[in-house]
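Student: I would like to learn how to read burial, contacts and a ligand shell from a model. Where do we start?

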Amino acid sequence: MTLPIFLIGARGCGKTTVGHALSQLHVCQFVDTDHWLQEQAQMTVAQLVSKEGWQGFRARETEALEAVTAPARVVATGGGIILSEYNRKFMREQGVVIYLSAPVSVLVDRLEAYPKESQRPTLTGKPVREEVGEILAGREALYREAAHHVVNAAQDLDLVIAEIQTALRLARAS
Ligand SMILES: Nc1ncnc2c1ncn2[C@@H]1O[C@H](COP(=O)(O)OP(=O)(O)O)[C@@H](O)[C@H]1O
Ligand SMILES: O=C(O)C1=C[C@@H](OP(=O)(O)O)[C@@H](O)[C@H](O)C1
Ligand SMILES: [Mg+2]
């Protein structure tokens, strides 16, 4: 049985992109908690947050995590999934957790080029340049606590994938 793989990290680190690419190489299924919950709710993240607040969104996110977790799946999570201790423990116990780590400058450049505001409404009300650093400072320790492996997500996509494959080989050999 192949354990599920959970990709965690800040907005813009590449969880969705990497998850999709990995699934094609590994012949495993790709699921994204944001895609799943938006489909379920028939609303975007921005609409959900304006209707139910971040608390409502976080409850739906945990529901999504539990629903999509299955063997031979790569699960791209949302950047805030690690805020819940329950989610962190769930992922660590159910599968292999990979933190896609990237510096603030890289995250900001990617988010400015690809803001996707319907899925990424503001978390603080501050401009992206300020928000990304502030949010990462508050979450970095939680990403590291939840992760089995930390991968440099600032590299080209093929190098990110290669680093993950090495980490997974090591995990399977141990
Ligand atoms: N390794 C990479 N190198 C360059 N651009 C990347 C890389 N990974 C992701 N991106 C780009 O960054 C943006 C955010 O990626 P996305 O997968 O949506 O991040 P996340 O799901 O972590 O928020 C997208 O435009 C994507 O094409
Ligand atoms: O960092 C966060 O709190 C969030 C990240 C988003 O996902 P991505 O990390 O895929 O952008 C999405 O789940 C939601 O806007 C909340
Ligand atoms: Mg994503």
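Tutor: Start with burial. A residue is buried if 20 or more other C-beta atoms lie within 10 Å of its own. This model is predicted.

Student: Why does Asp34 count as buried or exposed?

Tutor: Asp34 is buried because 23 other C-beta atoms lie within 10 Å. Asp34 sits in helix H2, residues 33-41.

Student: Which residues does UniProt list under "binding site"?

Tutor: The unreviewed UniProt entry lists Asp34, Arg58, Gly79 and Arg139.

Student: Where does Gly79 lie?

Tutor: Gly79 is in the loop that runs between strand S3 (73-76) and helix H4 (85-94). Gly79 counts as buried, because it has 22 C-beta neighbours inside 10 Å.

Student: What do Asp34 and Gly79 touch, residues up to four places away in sequence aside?

Tutor: Asp34 touches Val45, Gly78 and Gln119, with residues up to four places away in sequence not counted. For Gly79, leaving aside neighbours within four places in sequence, the contacts are Gly9, Ala10 and Arg11.

Student: Now the ligand. How many residues surround ligand 1?

Tutor: There are 14 residues around ligand 1. Gly14, Lys15, Thr16, Thr17 and Tyr114 are the closest.

Student: Which helices each supply at least two residues of that shell?

Tutor: Helix H1 (15-26) and helix H7 (157-173) each do so for ligand 1. H1 gives the largest share, three residues.

Student: What is the shell around ligand 1 made of, by class?

Tutor: Five residues are nonpolar, five are polar and four are charged.

Technical notes:
Residues are numbered from 1 along each chain as its sequence is written. Chains are lettered from A and ligands numbered from 1 in the order in which they are written. This is a predicted model: local features need pLDDT of at least 70, side-chain atom pairs count only at pLDDT 80 or more; totals for chains, interfaces and linings use all residues. UniProt positions are given in the numbering used here, feature names are shortened, and annotations may be inferred rather than shown by experiment. Helices (H or I, at least four residues) and strands (E, at least two) are DSSP runs, numbered from the N terminus. A residue is buried if 20 or more other C-beta atoms lie within 10 Å of its own, exposed if 12 or fewer, and partly exposed in between; C-beta atoms are placed from the backbone. Two residues are in contact if their C-beta atoms, placed from the backbone, lie within 7 Å. A residue is near a molecule or strand if its C-beta atom, placed from the backbone, lies within 6 Å of it. Ala, Val, Leu, Ile, Met, Phe, Trp, Tyr, Cys and Pro count as nonpolar, Asp, Glu, Lys and Arg as charged, and the others, Gly among them, as polar.
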